[in-house]
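Me: I have a structure open and would like to learn how to read its features one at a time. Could you walk me through it?

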Amino acid sequence: MSIERVRAFFSRHGMADRVREFPVSSATVELAAAALGCEPCRIAKTLSFMADGKPLLVVAAGDARIDNARYKARFGAKAKMLSPEQAEALVGHAVGGVCPFAVNEGVPVYLDVSLRRFASVFPACGSSNSAIELDMQELENYSGAADWVDVCKGWQPEPA
């Protein structure tokens, strides 16, 4: 089970006790925010894409949406999300619990700048009813992020 992989990963870092499991679903931004009692924007959603025939993950704030032009400029391909079957097979986590921890080898993780406005965020932990609170340094360290990217829209105030 995917959450066990993530729990074992955090156990190696002395943080397994910080993984939270809920009696309700946290599979969407809205459900996760309700389970945690936080604003939806503080949910760090992990989106899985295919680029150049390989999977990649983008972790973004709950209120951010992929900007296709920025994504294509950064990754050289149209933003094509993985199917639920592909996500589980290629990334190692099922949709609803996809997270940047304990992913299959060779899957790069990118953190979107939409997250930087928060002191801490809540990514999933491999299941549709789990999360962990991490500050930005922890998120960067434990996700093994390849880079910070700017590929989202909808989270910044509109220019006047």
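**Reading the features**

Reply: Happy to! Phenylalanine 10 has a relative accessible area of 0%, so it counts as buried. Please keep in mind that this is a predicted model.

Me: Thanks! How should I read the rings around phenylalanine 10, and what angle do the planes of phenylalanine 9 and phenylalanine 10 make?

Reply: A pair of aromatic rings is described by two values, the distance of the centres and the angle of the planes. In the whole structure, a search finds 7 aromatic pairs. For phenylalanine 9 and phenylalanine 10 the planes are at 75° and the centres 5.1 Å apart, so this pair is edge-to-face. Phenylalanine 9 is buried, at 14% relative accessibility. Phenylalanine 9 also forms a stacked pair with phenylalanine 101, with 25° between the planes and 6.3 Å centre to centre.

Me: Where in the chain do phenylalanine 9 and phenylalanine 101 sit?

Reply: They belong to distant parts of the chain, 92 residues apart: phenylalanine 9 is in helix 1, while phenylalanine 101 is in the loop between helix 4 (84–91) and strand 6 (109–112). Both phenylalanine 9 and phenylalanine 101 are buried.

Me: Which residues form one aromatic cluster?

Reply: Phe9, Phe10, Phe101 and Tyr142 do. Another ring to look at is that of tryptophan 148: arginine 116 lies over its face, 4.1 Å from the ring centre.

Me: Let me turn to the cysteines. How many disulfides does a search of the whole structure find?

Reply: The general idea is that a disulfide is a covalent bond between the sulfur atoms of two cysteines. Here the search finds 0.

Me: Why is there no bond between cysteine 125 and cysteine 99?

Reply: Cysteine 99 holds the cysteine sulfur closest to that of cysteine 125, but the two are 6.0 Å apart, which is too far for a bond. The cut-off to apply is 2.5 Å between the sulfur atoms. Cysteine 125 is buried, at 0% relative accessibility. Cysteine 152 is in no disulfide either; its nearest cysteine sulfur belongs to cysteine 41, 13 Å away. Cysteine 152 also has 0% relative accessibility and counts as buried.

Me: Which residues outside its sequence neighbourhood does serine 2 contact?

Reply: Beyond its neighbours within four places in sequence, serine 2 is in contact with Gly92, His93, Cys125 and Gly126. Serine 2 lies in helix 1 (residues 2–12) and is buried, with a relative accessible area of 14%. A polar atom of its side chain lies 3.3 Å from the backbone oxygen of glycine 126.

Me: Serine 26 caught my eye too. Is serine 26 buried or exposed?

Reply: Serine 26 is buried, at 6% relative accessibility. Its place is in the loop between strand 1 (20–21) and helix 2 (29–36). The side chain of serine 26 reaches the backbone nitrogen of asparagine 129 at 3.5 Å. Not counting residues up to four places away in sequence, serine 26 touches Leu31, Ala32, Gly96, Ser128, Asn129 and Ser130.

Me: Now the strands, please. Which residues lie on each side of strand 7?

Reply: In a regular strand the side chains alternate between the two faces of the sheet. For strand 7 (residues 120–123), Ser120 and Phe122 are on one side and Val121 and Pro123 on the other, and all of these are buried, so both faces are covered.

Me: What does strand 7 pair with?

Reply: Strand 2 (residues 43–51) runs parallel to strand 7 and is joined to it by 2 bridges; here isoleucine 43 stands opposite phenylalanine 122. Strand 9 (residues 134–135) pairs with strand 7 in the antiparallel sense, over 2 bridges, and serine 120 stands opposite aspartate 135.

Me: Strand 2 also holds methionine 50. Which residues does methionine 50 touch?

Reply: Leaving out residues up to four places away in sequence, methionine 50 touches Pro55, Tyr71, Lys78, Lys80, Leu82, Gln86 and Leu90. Methionine 50 counts as buried, at 19% relative accessibility, the cut-off being under 20%.

Me: One last feature: what caps the N-terminal end of helix 3?

Reply: Aspartate 67 does, with a side-chain oxygen 3.1 Å from the backbone nitrogen of alanine 69 in helix 3 (residues 68–75). Following helix 3 comes glycine 76, whose phi is positive, near 70°.

Technical notes: Residues are numbered from 1 along each chain as its sequence is written. This is a predicted model: local features need pLDDT of at least 70, side-chain atom pairs count only at pLDDT 80 or more; totals for chains, interfaces and linings use all residues. Side-chain values use heavy atoms; hydrogens and water are left out. Buried means under 20% relative accessible area, exposed over 50%, partly exposed in between (1.4 Å probe, protein chains only). Helices (H or I, at least four residues) and strands (E, at least two) are DSSP runs, numbered from the N terminus. A polar contact is a pair of N or O atoms within 3.5 Å; within protein, one must be able to donate a hydrogen and the other to accept it, and residues adjacent in sequence count only if both atoms are side-chain atoms. Contact means heavy atoms within 4.5 Å. Rings of Phe, Tyr and Trp (its six-membered ring) pair if their centres lie within 6.5 Å; planes under 30 degrees apart count as stacked, over 60 as edge-to-face and the rest as tilted. A charge sits over a ring if NZ of Lys or CZ of Arg is within 6 Å of the ring centre and within 35 degrees of the ring normal. Two strands pair if DSSP finds at least two bridges between them.
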